[in-house]
Amino acid sequence: MSNRVVCREASHAGSWYSASGSQLNAQLEDWLSKAQSTIRPARAIIAPHAGYTYCGACAAHAYKQVDPSVTRRVFILGPSHHVPLSRCALSPAEIYRTPLYDLRIDQKVYADLWKTGLFERMSLQTDEDEHSIEMHLPYTAKAMERFAGVTGSFVVQESRDQVVGSEQNIHKDEFSIVPVLVGALSESKEQEYGKLLSKYLADPSNLFIISSDFCHWGQRFRYTYYDESQGEIYRSIEHLDKMGMGIIEQLDPMSFTNYLKKYRNTICGRHPIGVLLNAVAELRKSGLEMNFSFLNYAQSSECRNWQDSSVPLTKHPKRLFR
């Protein structure tokens, strides 16, 4: 029987973000140094998954709210862009590679989720083709690295073009990740998965990362909603997105669903967001109050005519409070 460890390679490194550990580390440090820690510690964040050229600075505002001193497990919920899914899927991998260091999947949690019968098993090829989860791995590695830096047990050094730590990289074994690929869920499925994951959200040692961009506008996205009363097209897009962001801040899954039905906004992570909102709704039933705040909003470009296109890259650090 083979004891081979299944690893997911950093398949988008070198194209969507730097494959050089030293260069990537410097970029992440620069973006994080310019972001403010305002609502730390976050219990959940929503952050974009575009190429780092477009969203690296934006995502830093979310990851700056992560407190690695209390976080021991990181759930990453990302939408499926390439394969049709009506449920959620788990990775066949045990290790996720990044140019910084490898991240370990929590096999105990995976086993518990698998036992529910609610999850599919994606192929390794599907996993490596998808970018929505991978784009959060380097930032997760960097955000969680800082805890070891505080204790003095971690020293950045170069080895095979990866940023590694001294003292056997002790911090790497102090947390695990739980990647979940989220399909095109029905309302009832969003409720079911939200209820299932709510017990993990209730645990202060767990962090939830929701992978999502906002409105994909333009003919290439087959979405050209335009409210002329808002002025330029990009202003209309911003108004539409901020309307949705305000609804998300209310933590009301039904209101968010109704918003999507009315405007058809092309928020690619709408189902992971729906799962999170339903998890919060479940916890609220037991008296656990939570707050959600959007910290910033940006667009990849400003659309001014019908030939333009853009993807808003909102920075959505959200904090959940007891």
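**Briefing: strand pairing, helix α2 and Pro92**

Two bridges connect β1 with strand β5 (residues 95-96), and these two strands run parallel. The structure is a predicted model. The points below cover the sheet that contains this pair, helix α2, and the surroundings of Pro92.

**The sheet**
- Strands β1, β5 and β6 form an open sheet of three strands in the order β1-β5-β6, and the pairing is mixed.
- The edge strands, each pairing on one side only, are β1 (7-8) and β6 (103-104).
- Within the β1 and β5 pairing, Arg8 has Tyr96 in β5 as its bridge partner.

**Helix α2**
- Helix α2 spans residues 52-63, which makes 12 residues.
- The end C-alpha atoms of α2 are only 14 Å apart, whereas a straight helix would reach 16 Å at 1.5 Å a residue.
- Nine of the 12 residues of α2 are buried, so the helix is largely enclosed by the rest of the structure.
- The buried positions of α2 include the aromatic residues Tyr52 and Tyr63, the cysteines Cys55 and Cys58, and His61.
- Gly56, Ala59, Ala60 and Ala62 are also among the buried residues of α2.

**Pro92**
- Pro92 is located in the loop between β4 (88-90) and β5.
- Its relative accessible area is 28%, so Pro92 is classed as partly exposed, the category between under 20% (buried) and over 50% (exposed).
- Leaving aside residues up to four places away in sequence, Pro92 touches Val6, Arg121, Met122, Ser123, Leu124 and Asp127.
- Pro92 and Ile105 are 13 residues apart along the chain, and their C-alpha atoms are separated by 9.9 Å.

Methods
Residues numbered from 1 in each chain as written. Predicted model: local features only at pLDDT ≥ 70, side-chain atom pairs only at ≥ 80, totals over all residues. Heavy atoms only, no water. Helix = DSSP H or I, 4+ residues; strand = E, 2+ residues; numbered from the N terminus. Expected span 1.5 Å × (residues − 1). Buried < 20%, exposed > 50% of the residue type's maximum accessible area, 1.4 Å probe, protein only. Pairing = 2+ DSSP bridges. Contact = heavy atoms within 4.5 Å.
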